[in-house]
Every structure is written in C-alpha cells, then in structure tokens.
Amino acid sequence: MGKGLDNVRRIYLEGIAGGNAREAVLKYTGHRYTQHSTGVADGAEGFLGFFEPFLARNPKREIEIKRIFEDGRWVFCTAYQSLNDGAAKWVTMDMFYTDADGLILEHWDTIAAYAATTASGADMVGGPCEVDLSADSEASKALVLEFTKQVRQEGDLSKTDQFVAEDLVEHSAQIKAGRAGLVEWLGSDDSGKYEMLFQHFGQGDFVVTYGKRHARGKDIAVFDLYRVAGGKIAEHWMNEEEISPRESWGNSGKF
C-alpha cells in the first residue's frame, strides 16, 4: 500500500469517521488542497469550514470504505455512510491526486443517496472489494478506455458485446441486470450523452472513469467503476451528482 492510498484512508477514517478533521487535514494534505466537492472551499480551512459543522450535525457516523486503489499518484476510494443511526445513508466516490510523498493535493467526488432497492437487484455497494493484483492493470485500463470511447461517447451500442460480459453484474440503482440491461439504459434518454472523459485509471482488475454526461437537460458528474474479468467488463458501479449552478460551487467546480 502506497503512502497516498494510506493517507486517503486516514483522512476518511480519522478525519471524518473519527471526528478529528483538523488534525487529519493538516497531517495528510500537502502544500495545497484544491477542492472540487460541491460547497467545499479550497485549502485546509475550506475543508474544516464544511466538515466541522458536518461532524456537529452528525454525531453518529458509520463510514465503511468499500473499495480503494491507487495508480501512481492517483487514488480512488468509494465509501458507504450511515449517519445518525441510518437517518441518512450515502454512497460516495472520491478521486485524489497526491504529491511525491503521498500528501493529498486535490480532490473530486460525487455523493448520492444509498438506494436500498436497485433495478438489477444487486446491492448498490455490494460485490468484490479487494483488488486482484495479479490482473493486468494496463489491459484492464485499455479495455475500459475503448468501451468509454466507442460505446459511451460515440454511442455505438452494437459494440457493447466486445467489451461487456453477457452476465454483467450491475450495481447502479437505475440499470437493469446483465449486458442487456446496460444496453437498454445506454440507449435511453435517462443515459443521455457522455460528453467528457476527465480521468481514467486503475489497478489490477478495477478501473475507474470520471466524466460528465448530459441527460434530460442536466449536466451530471459521474464516476463509473468497473471490474474486469476474462477480458471483459464483469461488474459495474456508478455514482453521480447533478452539477449545481455555478454560484453554489464554492470552488472551481466538479472538474
């Protein structure tokens, strides 16, 4: 485990779950901390300006990191949060860029309500959690990149079977099970147009993409997490957040 991955885990578990926000942000971030989380300003004080009131509002915090991996200076993390005995339940996906010493320099995220029932029947945060380090990271990333370009961006749904297993395990709340369910959703107005791929990285059998799509008149920031097996995408998680009006951002925006 690299320093960056370890620092991401610690800022989550010590700073947010453990309630030691000030100590964690000063210890695990670097010479700058640029934010892309809605409503959170840049820097340590921006982080504290959001999270100190958050901790006061939510004295009971159950936060579980479900998956975490790294690729060079990039770290991806997804977590399940249950606040105040389940009064609010959230799924977060976070992306971090770190310096050479593993200190956090920049952060992007999406936050969505946890859905107890999904269209596929699979749990929104369920499935394998550990990275298969024996898998070929470069091959996994190449497969997902071509799927994103040819199917998601260019819209050629006829090529989906080249990239996606027929028995795809789907965790997104609104997409039905299997490759057929994914194709149905990709062809719908709810999916819309995948306009921009901002970042893409992975480790072993896990690959994440972060980008923007436009659907039903809305711009949406979206993380797609894929697990690759047998040369095809075998599992898919998705977490997204509507991009709010610019005056509400508090920073330079989701990207």
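This report describes a five-stranded sheet, the two helices packed on it and two of its buried residues in a predicted model.

The model is predicted, so that local features require pLDDT of at least 70 and side-chain atom pairs count only at pLDDT 80 or more, while totals for chains, interfaces and linings use all residues. Residues are numbered from 1 along each chain as its sequence is written, and side-chain values use heavy atoms, with hydrogens and water left out.

**The sheet**

Helices (H or I, at least four residues) and strands (E, at least two residues) are DSSP runs numbered from the N terminus. The open sheet has 5 strands in the order E6-E10-E9-E8-E7, with mixed pairing; two strands pair if DSSP finds at least two bridges between them. Its edge strands are E6 (164-170) and E7, each of which pairs on one side only. On average, neighbouring strands are turned by 25° against each other, direction ignored. Strands of a sheet pair through backbone hydrogen bonds, in either a parallel or an antiparallel sense.

Strand E8 (residues 206-215) has 9 of its 10 residues buried, and is therefore largely enclosed by the rest of the structure. Buried means under 20% relative accessible area, exposed means over 50%, and partly exposed lies in between (1.4 Å probe, protein chains only). The table lists the pairings of E8.

| Strand paired with E8 | Sense | Bridges | Hairpin residue with positive phi |
|---|---|---|---|
| E7 (residues 193-203) | antiparallel | 9 bridges | Gly204, near 60° |
| E9 (residues 218-229) | antiparallel | 10 bridges | Arg216, about 50° |

The hairpin of E7 and E8 has 2 residues between the strands, and the hairpin of E8 and E9 also has 2 residues between them. Among the bridge partners, Gln203 is matched with Phe206 in E8 and His200 with Thr209 in E8, while Gly211 stands opposite Val222 in E9.

**Helices on the sheet**

Helix H4 lies across E6, E7, E8, E9 and E10, and runs at about 175° to E7. Helix H6 packs on the sheet and touches E6, E8 and E10; its direction makes about 80° with that of E6. Contact means heavy atoms within 4.5 Å. Axes are lines fitted to C-alpha atoms, for helices over the stretch in contact, and angles run from 0 to 180 degrees between N-to-C directions.

The axes of H4 (residues 137-153) and H6 (residues 178-186) come within 11 Å and cross at roughly 55°. H4 is therefore oblique to H6, given that angles under 35 degrees count as roughly parallel, over 145 as roughly antiparallel, 65 to 115 as roughly perpendicular and the rest as oblique. Phe147, Val151 and Arg152 of H4 make the contact with Leu182, Trp185 and Leu186 of H6.

**Two buried residues**

Phe206 belongs to strand E8 and counts as buried at 0% relative accessibility. Leaving aside residues up to four places away in sequence, Phe206 touches residues including Arg67, Phe69, Pro128, Leu225 and Trp237. Phe206 and His36 are 170 residues apart in sequence and 23 Å apart in space, C-alpha to C-alpha.

His236 lies in strand E10 (residues 232-242) and is buried, with a relative accessible area of 3%. The side chains of His236 and Asp224 are joined by a polar contact of 2.7 Å. Such a contact is a pair of N or O atoms within 3.5 Å; within protein, one must be able to donate a hydrogen and the other to accept it, and residues adjacent in sequence count only if both atoms are side-chain atoms. Not counting residues up to four places away in sequence, the residues touched by His236 include Leu168, Glu170, Ile175 and Tyr226.
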